[in-house]
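Below are my notes on the structure you asked me to look over, set out as numbered points. They begin with a cut-off that a later point relies on.

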Amino acid sequence: NSDFGHLKSSDFLTYGIKSLSHDVIPLFKSAIFQLRVTSSEFESFEDVRSLYEGGIKLPTDILSQISPLPALKEIFRTDGENVLQFPPPHVAKVSKSGWMTDEEFAREVIAGVNPNVIRRLQEFPPKSTLDPTLYGDQTSTITKEQLEINMGGVTVEEALSTQRLFILDYQDAFIPYLTRINSLPTAKAYATRTILFLKDDGTLKPLAIELSKPHPDGDNLGPESIVVLPATEGVDSTIWLLAKAHVIVNDSGYHQLVSHWLNTHAVMEPFAIATNRHLSVLHPIYKLLYPHYRDTININGLARQSLINADGIIEKSFLPGKYSIEMSSSVYKNWVFTDQALPADLVKRGLAIEDPSAPHGLRLVIEDYPYAVDGLEIWDAIKTWVHEYVSLYYPTDAAVQQDTELQAWWKEAVEKGHGDLKEKPWWPKMQTTEDLIQSCSIIVWTASALHAAVNFGQYPYGGLILNRPTLARRFIPAEGTPEYDEMVKNPQKAYLRTITPKFETLIDLSVIEILSRHASDEIYLGERETPNWTTDKKALEAFKRFGSKLTGIEGKINARNSDPSLRNRTGPVQLPYTLLHRSSEEGLTFKGIPNSISI
């Protein structure tokens, strides 16, 4: 395949994505809606688990139409069984019901596939940044009394001042779209806010979930909100489980369109293009950055064609539907390049306090925050390597200023590549070695560790649709309705009728199953395609130090994962957090940091 310049097993993954939209989805459609070999709804949680415990029997003629690609072979078994069978997702390998616990729900906010949205709550009640003339008063309706029920005697004031309250806030991202989203045929979604409390044992506990939807007579009248509190018994426990599902529906849409597509795939593209246009292949910065762009333009083109295209896979299977790209574009207006550095991101979200005496110069507010703890070590390793490498060629600020190729590269990346934001004052001016080191570190981090953290956990966590539903099609039922009675009598059915239906589940699982895989020829952080990528001995020695530092970090990650006092590392589902473990075998491994965004 000439697009790549190297034939490799990753081609099979990308062909797999193409054949999903061309061949596989129409087959799912006919299996469910025409041939009716399987019903269009899951009837129980057991029914959902059968996707990987037994599979869906498909007629032979259907299976023969599926291209015999390695990426799809594992899902479509034609070994005489003729079944569509998914691999068991990691989140359900040990515990069947761990996903339902509050501890696991909260743990996945800091060790899941979308670990960088949580913020520390710094004022109460939480406020909105939306324009009140358009959206009314979007201030949260959650009360202190509601929170304090589950705070073990601590008051909201005390918890704010001791930095123990956190929020997962999707109000402002979703409210502007909800009237339109909910006018789509099956969508019935809320915008959500979740308040979490840091317990004495270092774990997080959800205290309340606020579910809001726009006023039926107009967005400008403010939202209609309900607050749901934790419950373990009876109909209240079902309502609480449904509220958590509505939070995850927000989270999974935001994850896919913002944390994943926008913040990694999309923002890297201008840097890749500008690097290829302006830096000679002999330029030291070209040699530094080149491996971190491998296949990115290709996979992004494929995504535009087969994943985020109009009426495509993402619009079919995630909440924002046809407003998906509009939504990610509007969030881009608030994207800040310099905040992509992990330390800056943690400080901005209130999850870390600058402290020169602490490791990495930061004190984590949640000490056992797996993504941040592992991430800061990787960030430091990248920054040290980039610093050592850049210093070999740019001993002074003047050397940066006088490099005309470098200046042309940066000018284009900022002014053309990120043209909508070119006037922003936060862009590094590329006048100092520190500007160059920090900017290159952010590019390397985004392409490698940030993408790995938000990508390779997709199937391990989301392959169980119960754990990470992607669509909402029913509001919380009101008392006295048939839906309410169903919820009392058959909680599992009520849950399944609220979340992603079977057809869309099959699409979602097929996609994230491919996206979560490593190709056999993947090149990981600290490795290069060729050992002689530079003739500079000092550069090669610095690169070798980078590699051994990354290997050392793997050992530390494994040690943390086996430390029982760090409760957020494995959680009720007993899934050790390994997304920032640098190396990996091929396949669905829940670990591995590739150099570039190549899937």
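1. A residue is called buried here when its relative accessible area is under 20%, and exposed when that area is over 50%. By this cut-off E104 is buried, because its relative accessible area is 0%. Please keep in mind throughout that the model is a predicted one.

2. The residue E104 sits in helix α5. Leaving aside residues up to four places away in sequence, E104 touches G98 and W99, and it also touches Y461, T570, G571, P572 and V573. Helix α5 itself, which covers residues 102–111, lies across β5, β6 and β7, and it runs at about 80° to β7.

3. The sheet in question is an open one of five strands, in the order β4-β5-β6-β7-β8, and its pairing is antiparallel. Its edge strands are β4, at residues 119–120, and β8, at residues 223–228, each of which pairs on one side only.

4. Taking the pairings in turn, β4 is joined to β5 by two bridges, with the strands running antiparallel, and within this pairing R119 stands opposite I167 of β5. Five bridges then join β5 to β6, again in an antiparallel arrangement, where L165 stands opposite F197 of β6. Between β6 (residues 191–198) and β7 (residues 204–214), which also run antiparallel, there are eight bridges, and here R193 has E210 in β7 as its bridge partner.

5. How many of the residues of β5 are buried? The strand is mostly covered, with four of its five residues counted as buried. As general background, the side chains of a regular strand alternate between the two faces of the sheet. Two helices lie across β5, for besides α5 there is helix α9 (residues 171–181), which lies across β5, β6, β7 and β8 and runs at about 25° to β7.

6. A separate region that deserves a look is helix α22, residues 491–498, in which A494, Y495, L496, R497 and T498 are buried. Which elements do the buried residues of α22 pack against? They pack against α2 (45–53), α10 (234–278) and α21 (482–489).

7. The domain assignment gives domain 1 as residues 9–92, and domain 2 as the two stretches 117–255 and 466–499. The centres of the two domains, taken over C-alpha atoms, are separated by 33 Å. Contact between them involves seven residues of domain 1 and eight residues of domain 2.

8. For the protein as a whole, the secondary structure comes to 24 helices and 10 strands. The radius of gyration is 24 Å, close to the 25 Å that the globule rule gives for 599 residues, so the protein is as compact as a globular protein of that length. The C-alpha trace spans about 75 × 65 × 50 Å along its principal axes.

9. Two further totals describe the packing of the chain: buried residues make up 60% of the 599 residues, and, among contacts with a separation of 6 or more, 75% are between residues 24 or more positions apart. The surface that the protein exposes comes to about 23,100 Å², of which carbon and sulfur atoms supply 52%.

Methods. Residues numbered from 1 in each chain as written. Predicted model: local features only at pLDDT ≥ 70, side-chain atom pairs only at ≥ 80, totals over all residues. Heavy atoms only, no water. Pairing = 2+ DSSP bridges. Contact = heavy atoms within 4.5 Å. Axes fitted to C-alpha atoms, helices over the stretch in contact; angles between N-to-C directions. Rg over C-alpha atoms; globule rule 2.2 N^0.38 Å. Buried < 20%, exposed > 50% of the residue type's maximum accessible area, 1.4 Å probe, protein only. Areas by Shrake-Rupley, 256 points an atom, 1.4 Å probe, with all protein chains shown as cover. Domains from an automatic or database assignment.
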